[in-house]
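The following exercises concern strand order, helix packing and side-chain environment. Each task is followed by a solution in steps.

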Amino acid sequence: MPLILVLGGTAEARELASRVPVLSSLAGRVREPELPAGDVRIGGFGGVEGLVAWLREHRPEAVVDATHPFAAQMSRHAVEACRAVDVPLLRLQRPGWAEQPGDRWTRVPSLAAAAEAVGDRRALLTTGRQAVEPFLGLQHVVLRAIERPEGIPSSWTVVLGRPPWSLEDELAQIAEHHVDVMVTKDSGGPTAPKLQAARQAGLEVIVVDRPPVLAADVVDTVTAAEAWLLAH
Ligand code: NAP
């Protein structure tokens with residue numbers, strides 16, 4: 001059986017692993033990750049060098065980078081390592097979100113630009129726990145977290161709870177915390193209740209654009225990734 005390495009941590013990666021026998025790789029950030037079907041390895045490779053060594057040792061037929069659109073470092077390492085070892089690489093990345101009638105979106109190129117665009121307004125931050133740092137200079141932030149993170153300004157409001165948040169949760173939080181603006185990354189995927197809620201509430205959304213795709217071969221569906229694997 002040819003070895004195919006899937007860099008995962010997304011619903012698309014799990015879907016691919018349920019259709020094709022692959023070895024899935026997870027970063028190991030989440031304590032109890034949703035495991036894909038089939039074989040799984042967990043933990044970083046040790047930079048580009050580590051990934052090159054791993055590829056040389058295991059000789060996969062192909063690598064599919066199905067990491068999250070904002071996992072830019074892993075994607076860059078995959079491009080460099082696969083080029084060095086001459087292994088075919090496919091980037092599988094779901095389409096981004098598109099603005100709909102009623103939306104008030106401002107697109108920005110980075111988290112830092114998003115923080116600048118918020119200014120003095122009261123922002124609901126939905127960018128994930130690893131993306132808080134660029135916002136630490138802001139005063140009025142509503143942050144959702146499973147437990148209160150250390151090192152955030154005392155002026156911030158923390159809403160404790162676990163995703164997914166329903167449309168009702170989103171609307172209630174926007175109203176209760178007098179949110180002026182929402183900040184999100186353009187993660188894409190199924191329609192997000194937070195975007196629906198912002199539309200209904202007439203709330204501006206600052207949308208952080210994705211980092212550029214560096215791989216030469218790119219698809220945006222699991223079916224297209226399967227076809228690419230067959231062709232390789
Ligand atoms: P990142 O910043 O691009 O990567 C940081 C380091 O984590 C990489 O250099 C690599 O370590 C390790 N790593 C990342 N993904 C890996 C994988 N699938 N298998 C093995 N090692 C991996 O990544 P991130 O944004 O922290 O994302 C980490 C994981 O969470 C990814 O699997 C991603 O798909 C998932 N995820 C991310 C987001 C997001 O918003 N960024 C959202 C949902 C899910 P070494 O250098 O040691 O190899």
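**Exercise 1. The sheet that contains S1**

Which residue in S2 does Leu7 stand opposite? Place the pair in its sheet.

Solution. The model is a predicted one.
Step 1. Leu7 faces Ser25 in S2.
Step 2. S1 and S2 run parallel and are joined by three bridges.
Step 3. Both strands belong to an open sheet of six strands, ordered S3-S2-S1-S4-S5-S12, with parallel pairing. Strand S3 (39–42) and strand S12 (217–219) are its edges, each pairing on one side only. From one strand to the next, the twist averages 25°.
Step 4. On the other side of S1 in this order comes S4; four bridges join S1 to S4, again in parallel. Val64 of S4 is the bridge partner of Val6.
Step 5. S4 pairs in turn with S5 through three bridges in the parallel sense, and Asp65 has Arg91 in S5 as its bridge partner.

**Exercise 2. Val64 and the faces of S4**

Determine whether the faces of S4 are covered or open, and describe the surroundings of Val64.

Solution.
Step 1. In a regular strand, side chains alternate between the two faces of the sheet.
Step 2. In S4, Ala62 and Val64 lie on one side, Val63 and Asp65 on the other; all are buried, so both faces are covered.
Step 3. Val64 has a relative accessible area of 0%; because the cut-off for burial is under 20%, Val64 counts as buried.
Step 4. The residues that Val64 touches, leaving aside those up to four places away in sequence, are Ile4, Leu5, Val6, Leu7, Leu16, Leu90, Leu92 and Leu229.
Step 5. One of these, Ile4, is 60 residues from Val64 in sequence, yet the C-alpha atoms are 7.5 Å apart.

**Exercise 3. Helices H1 and H7**

Which residues of helix H1 are buried, and what covers them?

Solution.
Step 1. Within H1 (residues 11–19), the buried residues are Glu12, Ala13, Leu16 and Ala17. Around the axis they span an arc of only 135°, which means that they are on the same side of H1.
Step 2. An α-helix has 3.6 residues a turn, so residues three or four places apart point the same way.
Step 3. The cover includes strands S1 (4–7), S2 (23–26), S4 (62–65) and S5 (89–92), together with helix H7 (222–231).
Step 4. H1 lies across S1, S2, S4 and S5 and runs at about 155° to S1. H7 lies across S1, S4, S5 and S12, at about 170° to S5.

**Exercise 4. The sheet that contains S10**

In what order are the strands S6 to S11 arranged, and which helices pack on their sheet?

Solution.
Step 1. The order of this open, parallel, six-stranded sheet is S6-S11-S10-S7-S8-S9. Strands S6 (104–108) and S9 (157–160) form the edges.
Step 2. S10 (residues 181–185) and S11 (residues 204–208) run parallel and share five bridges; Val183 is opposite Ile206 in S11.
Step 3. Helix H5 (residues 167–176) packs on the sheet, touching S7, S8, S9 and S10, with its direction at about 145° to that of S7. Helix H6 (residues 193–201) also packs on it, touching S6, S10 and S11, at about 155° to the direction of S10.

**Exercise 5. The ring of Phe45**

Classify the pairing of Phe45 with Trp54.

Solution.
Step 1. One aromatic pair is counted. The ring centres of Phe45 and Trp54 are 5.8 Å apart and the planes stand at 75°, so the pair is edge-to-face.
Step 2. Phe45 and Trp54 are both buried.
Step 3. Over the ring of Phe45 sits the charged end of Arg41, 3.9 Å from the ring centre.

Note on methods
Residues are numbered from 1 along each chain as its sequence is written. This is a predicted model: local features need pLDDT of at least 70, side-chain atom pairs count only at pLDDT 80 or more; totals for chains, interfaces and linings use all residues. Side-chain values use heavy atoms; hydrogens and water are left out. Rings of Phe, Tyr and Trp (its six-membered ring) pair if their centres lie within 6.5 Å; planes under 30 degrees apart count as stacked, over 60 as edge-to-face and the rest as tilted. Buried means under 20% relative accessible area, exposed over 50%, partly exposed in between (1.4 Å probe, protein chains only). A charge sits over a ring if NZ of Lys or CZ of Arg is within 6 Å of the ring centre and within 35 degrees of the ring normal. Helices (H or I, at least four residues) and strands (E, at least two) are DSSP runs, numbered from the N terminus. The arc is that of the directions from the helix axis to the C-beta atoms. Contact means heavy atoms within 4.5 Å. Two strands pair if DSSP finds at least two bridges between them. Axes are lines fitted to C-alpha atoms, for helices over the stretch in contact, and angles run from 0 to 180 degrees between N-to-C directions.
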